[in-house]
Structures are given as C-alpha cells and as structure tokens.
Amino acid sequence: MASETTATGIVAIPEPTSDGSLWGFSRPQRIAFIVLLVFLGVAPFAGLYPVFLMKLLCFGLFACAFNLLIGYVGLLSFGHAAYFGMGGYIAGHTAKVMGVPPELAIILGGVVGAALGAVFGWVAIRRQGIYFAMITLALSQLVYFVCVQAPFTGGEDGIQAIPRGKLFGIIDLSPDLSMYWVVATVFVIGFLLVHRIVHSPFGMVMKAIKENEPRATSLGYRTDDYKLLAFILSAGLAGVAGATKSLVFGIATLTDVHWSMSGEVVLMTLVGGLGTVFGPLVGAAVIVTMQNYLAEWGAWVTVIQGGIFVACVLAFRRGIVGEIGALLRVKL
Amino acid sequence: MTTTRRTLLSGAAGTAALGGLPFSSARAQAANTIKIGVLNDQSGTYRDISGPYGVECTRQAVAEFGAQGFNVEVIVADHQNRPDVGVNISRQWYDQGVDMILDVPTSSVGLAVNTVAREKNKAYINTGSATSDLTGTACSPNTIHWMYDTYMLAKSTGGAMVRAGGDSWFFITADYAFGHALERDTGNFVRAAGGRVLGNVRYPFPATSDFSSFLVQAQASRAKVIGLANAGADTINSVKQAAEFGITRRGVKLAALLMFLPDVHAIGLETAQGLVLTESFYWDLNDRTRAITTRLQPRLRDIKPNMASIANYSAALHYLKAIKDMGVAASKASGIEVINRMKAMPCDDDAFGAGSIRPDGRKLCPSYLFEVKSPAESRAPWDYYKLLQTTPAEEAFRPLNEGNCPLVRS
C-alpha cells in the first residue's frame, strides 16, 4: 500500500526502450501480444461469431487510436466519432457508388479521417483541458450536422448495402471468415503502429508533453507540432477503423458520427485502462459484448450496463488491464 | 474494508458479465421448430410504440395459431436503435436458425436488416419502419413491409384532411430528409385534393425543443391546419406548446404526421385534444378490433395496442399460416418461397380485416384519419379517437408502378 501512495502524482520517467527487442515490447507485453495473436487465430473456430469478432476489432482499433491521444499525450478529444464516422461514410460511398476495391476504400477512409483531424487538430490544440474537449466536441457536432444534411450520406437512413468487394480484385470478401482475416490484419497493423509510435523517440516527446508541457517546450520541442501530429495519426487510425466497420456491416449511418459514439470510445478506453497498450482492446471487448449479448435481455440492457460501469468505476480505477498490470507488477 | 468491498464488486461485475455469455451457445437447432425473432427497441424512443408490447402481440399470434404439427419459438432482442447492433444480431440469428425477423423500427436499422435477409435468403417482415424505400428502391423478394410508411401517412393526413374541411396548410418541418419527405408528400396530397399550402418553416434537427416562434409564425399565416412534419419527442413538444398557446382551441387543427396511440396517452387528452393523426388500427374501431383487443388484454395489461404493435400479431399469424400451407421443411429451404406463399394467400385477421400483399412486398390495409377527443367526449380509459375519414386499402399506399421497385419492373 505504501508504495502505491508514494507513486501517485510522481510518475516514473519512461525507461528508454530496453532490451533491444523489436517494436519495443517488454517481456510481459510480448507474452500478451502472442496470446492476442493466438486468440485472433483461434477465436472464429472456437464458436465465436465472426461478425461479432470483427465489430470488436473495429472498435478495438478505434479505442487504440483514441488512447494514443489521451493515454500518451494527455489530450481528451471528445469528437473522435467525427473521424470514425466520416471514415465509414467515405469508405461506404467510394465502395458502393464508385466501385472502389475494399483495400483502397479503407485507406481512403483513413486519409479523410487524417485530413479532418489535421484541420480540427490545428484549431483545437491551441487550447488545453476542458476547452480542448469542448472545441473537439463542437467541431464533431459540425460534422454530424453536415452528415444529417449532405445527400451522399443518405441522411438518417445512412448508406445501405455497401458491398464488401474483392480484396486486390481476387479474394471475395463476402464470406464472413475471409472478411475476418482482413479485419484482423488491419487491426494488428494498426495496433502495432500505435505501439511503435508510442515507443519511438516521437512517442517519448509525446509522453514528456503529457507529463509537463512547459518543460518540454523549455527543452526545445515545438510541442504544438508534436500534438498536431499525434492528433492526425489518431484521427487517421480512427478513420481506418470506421472504414473497416462500414465494410464489415455494409452500412454507414449517423450512429457512428453521433456524439454518443465519442462518449463510448472514452468509456471503452477508461474501462480497459488508460495509457495501457492492451487496455483499449479489452475495454472495447467489454462494451461491445455487453451491447451484443445483453440485447436479448430487452429493457434490462441499460440497467445492467449501468451497474457494470458503476462496479468498474468503484473497483477498477485503473481500468481492467491497468488493474491486472498493477496486480502482476508489470506494464501491459 | 476497502478490499472486501472491492472484491465483492469485482465479483458482482464478473458474474454479470459472465451471465450474458452462455446465451450464445444455448441454441440447439430443431428441425421441426419455427423460430421468430422479434428485433425492436426495448429501451429507447420507440419502446412504447411496440417494444415489449410488440413481442406480446407476436406471442398472442403464436398462441392463437396453436399446435399445427410444428413448434413455434419467439425470441427477442433490443437493437437499441443502432444499425450495427441490428445487423450483428440479425446475421447471427439467421445463421443460427431463426427463420423470420419481425418488427424492426427505425428506418436505418430496418433497411440494414433488409439487406441481411436478402443475402441469407430468409424471411423478413418489417412492421415498425416508416421508410417507403422498403417497397421502393430497396424492395426485396425476402421482405414484406406490413404497416405504415411515409407515403401512406402523408396521403391520409394530407388528402383526407382536406376532404374533411382543412384546406389551407402550414408546415412545421424538421430540417432533415425524413421531415422534407413528409412535408413534400403531404403538400402534394393537399394540393391534389384542392387545398393550399400557405407556407412552411424548417427548424434545425435534432436539438430544437422550443417551438413557440414556429407555432406563432404558423398561426399568423391563418392556415386552418398546422402540419407537424416531424416525429417522436419533437412532435410531442410541438403539440404541448401548441396547447399552451391555445392554438387548437381557436379552431386551428394540428395535424401530426407520425404519431401513435401511446403518444396521445402519454400527453393526455387535455393537451392532445383536437389533434388529427393517421393510424391503420384503433382498438375501438369495430367488433373485430374490440375482440382482438380483449384477447390481448391479459398480455398487455393496462395498455391498448396501436397499429405498430398489433401489426406484429397480424404478420406473425399470416406467416404461420403460410408455413403450415407449404410445410416446415420447404419453408426452411428458402425465405423467398415463404414470402411468395404469403403474397399468394389472402390475409384475414381481427386486427386489420381482409387484406392482401402486393408483389413489391407491400401489405395493403385501409388507413384512418382520427381526431383526438376532448376530455369531455372521452367516456372510458383509452377512449381517445373519433374517426374522421377512411382511405380504402387500394388507395392508401403508393401505386405499384410509382415506387421504382426492381421486382415490379422485371
């Protein structure tokens, strides 16, 4: 207990990437990553429904992208649904109307997410704390209203019947399992990218900004540039996640640009564990599982959800993964 | 004591999380069981319109159908008005042996499930969505749209209202595609019936809760009818605020383009009196509707059915009759064949009387223009409507050749 009390407030300086291992994974992280890979490989054959798994991975990637910003730069963006939803709309529109192949649609979703992030980030990073959150929320609401009105989004009906298409023109993605491997690959690439960014020299500066921005400035870093770049990377990844999701489900709708989606990704990250590598995925898994499997309990969904959140907040302050990490005395 | 509480809470959270899981695996597929999945809103905006009551109406249909050589099972899920949740559940259901999905309010979810049903070649009966695309550009051989759509509401409220004397209109419209469509269609019917549209005002959607300036503007136009081209909470707010301004008491009619009996019940007659709206079912319409309402009462307790909830009864009953007619094995082989058999058979039930289903998947039934009674006129609980006009089944919906449904052209 004593160690815990002294640790609060004073956070240890991140150790320089240690044993020269690839991607900067520590040993427990490497084990956890291998477990994750095995799980991804086995899950669809172990009775878990592929579409459900794909949804989980899409939200997992979304939460990872969000975590990059809040967990490592300390910026609470309350408008990430804009990039997520817009990525989905762009991918859906290009795949359905223009007949773009799925891999390109996903990339386009990411590019548009990043571009949107560049503009919004440029405006928002000038402020901190609650003002930053409010500006991102306001800008994302702007996007929401555009999506309600713009003809290409289909208004409240959304873009329906988006074809999954053929990967590289060869592999038909309409069977759930082949789509699953694509989504799993996208997720693993995105996940490793986030991890790589965090453990790069750039990531070290991000963490320095999170701990003490004036000090980072005094050391000669242009903190605004770093924050903007982190924002763009995060928005781009959110766009990729949204694009992938719209291909999986064949729909892109207002739900994904609505502010409640921005709130949901905050919850996923908090429940999973802020600033942990695996936390966002676990958090996304918990929330998505609840939405899916509690659906059969009818009106009890919201009550049970609420109860679980209360329990999480009271019992797992550091999030699920954070608590497990603290228990095992490792950083996950 | 922190540790104890913490352990207790984590234990509770864990148990709750685990409790949800075995649901996915506990589905043994029996060859002689027909599974109906009711997918609707159990907790949000549309709960009171159908939700648990729609499920009870479906169960009533199953009970009345009785044992006919096969078992019928009804399962339920809450799509939380989210298309991705709806798609996920419907795919899972169809893959795991659900034969027909029923209800599905919210247009975006209704259309999404439409695509899934077609891909999996299963049966899908939508009773809850308002979009007329389900029998138009998005129509599918696997789908029947059983109840109201925007065209039918606009035609009855617009056209029949003019015949009932309301010949000059002013629209208060939610500024998004649904509101625009309602206003455009209704305006066309008003003009076609010889009425005039004096003006309109569009308010930002969502996030408008103060309608007073729009209502004053509408009143200043001296129109006889104020058309509310919006839905849900917006409609309820407009009606309440109109009552505060005393608009209806001065002889101006308020026409709600999408409103149901439970909404009137929620607002109360004092506020809702004089409101004009369209439904295809009213419990006190005739002997048959009163009979089915009486039979349903033990299940619904103190709630009366409305057109959206009781449509599930009507649809499930007709579906089961078609299954009996073609045999369980044949019905499981192809959703299209089931829907085709349903289209070939004439419908008849106590809720909507005799009816039929068109090739584009549109179930035909009459629509009724009602006026909400004043508290003095109402003699019993739920005695809310008086009938103004009836639009016969053949005229109530969009003509077959105007919907651009690909099934009709081929």
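**Helix H6, chain B.** I started with which residues of H6(B) are buried. In this predicted model, I get Phe178(B), Gly179(B), Ala181(B), Leu182(B), Glu183(B), Asp185(B), Thr186(B), Gly187(B) and Val190(B). Glu183(B) and Asp185(B) went on my list as buried too. Residues three or four places apart on an α-helix point the same way, because a turn takes 3.6 residues.

I then asked what the buried residues of H6(B) pack against. The partners are helix H5 (150-163) and three strands of chain B: S6 (168-174), S7 (196-203) and S8 (225-229).

I checked the length of H6(B) as well. Its 16 residues should span 22 Å at 1.5 Å a residue, and the end C-alpha atoms are 22 Å apart, so the two agree. After the helix comes Gly194(B), and I noted its positive phi, near 100°.

**Contact with chain A.** Next I looked at where chain B meets chain A. I have 40 residues of chain B in contact with 36 residues of chain A. Which elements of chain B each supply at least two residues to that side? H6 (177-192) is one of them, along with helices H1 (2-20), H3 (83-95) and H4 (107-120), plus strand S2 (71-78). So H6 turns up again here, as a contributor to the side that touches chain A. By class, I put down 21 nonpolar, 14 polar and 5 charged residues for this side of chain B.

**A sheet of 3 strands.** I moved on to the open sheet in chain B with the order S11-S12-S13, paired antiparallel. Its edge strands are S11 (347-349) and S13 (363-364), each pairing on one side only. Backbone hydrogen bonds are what pair the strands of a sheet, parallel or antiparallel.

How many bridges join S11(B) to S12 (residues 353-357)? I find 3, with the two strands running antiparallel. For a marker in the pairing I took Cys347(B), which stands opposite Gly355(B) in S12(B).

**Chain B as a whole.** Last, I stepped back to the overall numbers. Chain B has 16 helices and 15 strands. The C-alpha atoms fill a box of roughly 70 × 65 × 40 Å along the principal axes. Does 22 Å for the radius of gyration agree or disagree with a compact globule? It agrees, because a compact globule of 410 residues would come out near 22 Å.

Buried residues make up 55% of the 410 in chain B. For contacts between residues at least 6 apart in sequence, I wrote down that 72% join residues at least 24 apart.

Technical notes:
Residues are numbered from 1 along each chain as its sequence is written. Chains are lettered from A and ligands numbered from 1 in the order in which they are written. This is a predicted model: local features need pLDDT of at least 70, side-chain atom pairs count only at pLDDT 80 or more; totals for chains, interfaces and linings use all residues. Helices (H or I, at least four residues) and strands (E, at least two) are DSSP runs, numbered from the N terminus. The radius of gyration is taken over C-alpha atoms; the globule rule is 2.2 Å times the number of residues to the power 0.38. A residue is buried if 20 or more other C-beta atoms lie within 10 Å of its own, exposed if 12 or fewer, and partly exposed in between; C-beta atoms are placed from the backbone. Two residues are in contact if their C-beta atoms, placed from the backbone, lie within 7 Å. Ala, Val, Leu, Ile, Met, Phe, Trp, Tyr, Cys and Pro count as nonpolar, Asp, Glu, Lys and Arg as charged, and the others, Gly among them, as polar. Two strands pair if DSSP finds at least two bridges between them. The expected span of a helix is 1.5 Å times one less than its number of residues.
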